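Q: Please take a close look at one strand in this predicted model. I would like to know what it pairs with and how it sits in the rest of the structure.

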Amino acid sequence: MSETDGGGTGQTNSDYVQVNPPSPSRVEVSVDGYTSAFYPGFVRNVTVQREGTAVDLYTQAGPFVLPAGAVLPWDSSEFEFRGGPNARDFSLVINDPLHEIASIEIRLKPKGTQVGIGPVATPEGEDETVTVSEATVLCPPLCRP
């Protein structure tokens, strides 16, 4: 990925004058025993739904400042998730060259579910769903002075 062309899109913004420093390319957050790490140019919000209760891990606080010359965030990134009462541990590689993804919902199996034995009864356990929303506010165009 090129930092000057929005992640390989070939688009640059030669009229924009960089005033604010670029945002970090990786953020790690921890809430209620859950930890998630991701590229904040793709993520506006991360929520875990567990037994009817929502845990908000991350909500974008201000515009994501693109590197000088970029008009789009990177088109490829990794989302990592671990922890919680069921000791989750997974990662996803997201490749969205046309920036078409609005959100990703990951429904997790109850802890202790056997793999590879077909559709049989699964153990009782907490149903968890992780939602990653992408409606990121970018700078430019929405820059703070």
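A: Start with one residue pair: Val48 has Val55 in E4 as its bridge partner. Val48 lies within strand E3, which covers residues 45-50, and strand E4 covers residues 53-59. E3 and E4 run antiparallel and are joined by six bridges.

The two strands form a hairpin, with two residues between them. In this hairpin Glu51 takes a positive phi near 50 degrees.

E3 has a further partner in strand E9, residues 128-133. This pairing is also antiparallel, and six bridges make it up. Within it, Gln49 stands opposite Thr129 in E9. A general point helps in reading such pairs on the model: side chains in a regular strand alternate between the two faces of the sheet.

Next comes the question of burial. A residue counts as buried if its relative accessible area is under 20%. Five of the six residues of E3 are buried, so this strand is largely enclosed by the rest of the structure.

For a contrast in arrangement, look at another part of the model. Four strands form an open sheet there, in the order E1-E2-E6-E7, with antiparallel pairing. At its edges stand E1 (27-31) and E7 (88-95); each has a single partner strand, so one side of each is left without a neighbour in the sheet. On average, neighbouring strands of this sheet are turned by 10 degrees against each other, direction ignored.

One pairing in the open sheet can be followed down to a residue pair. Strand E6, residues 76-83, pairs with E7 over eight bridges in the antiparallel sense. Ser77 has Ile94 in E7 as its bridge partner.

Finally, there is a link of another kind. A disulfide is a covalent bond between the sulfur atoms of two cysteines. The structure holds one disulfide, and this bond joins Cys139 to Cys143, with an S to S distance of 2.0 Å. The link of Cys139 and Cys143 is right-handed, with 105 degrees about the S-S bond. Its two ends can be described by their accessibility. Cys139 has a relative accessible area of 1% and is buried, whereas Cys143, at 31% relative accessibility, counts as partly exposed.

To return to the strand you asked about: E3 pairs with E4 over six bridges and with E9 over six bridges, and five of its six residues are buried.

Key: Residues are numbered from 1 along each chain as its sequence is written. This is a predicted model: local features need pLDDT of at least 70, side-chain atom pairs count only at pLDDT 80 or more; totals for chains, interfaces and linings use all residues. Side-chain values use heavy atoms; hydrogens and water are left out. Two strands pair if DSSP finds at least two bridges between them. Axes are lines fitted to C-alpha atoms, for helices over the stretch in contact, and angles run from 0 to 180 degrees between N-to-C directions. Buried means under 20% relative accessible area, exposed over 50%, partly exposed in between (1.4 Å probe, protein chains only). A disulfide is a pair of cysteine sulfur atoms within 2.5 Å.
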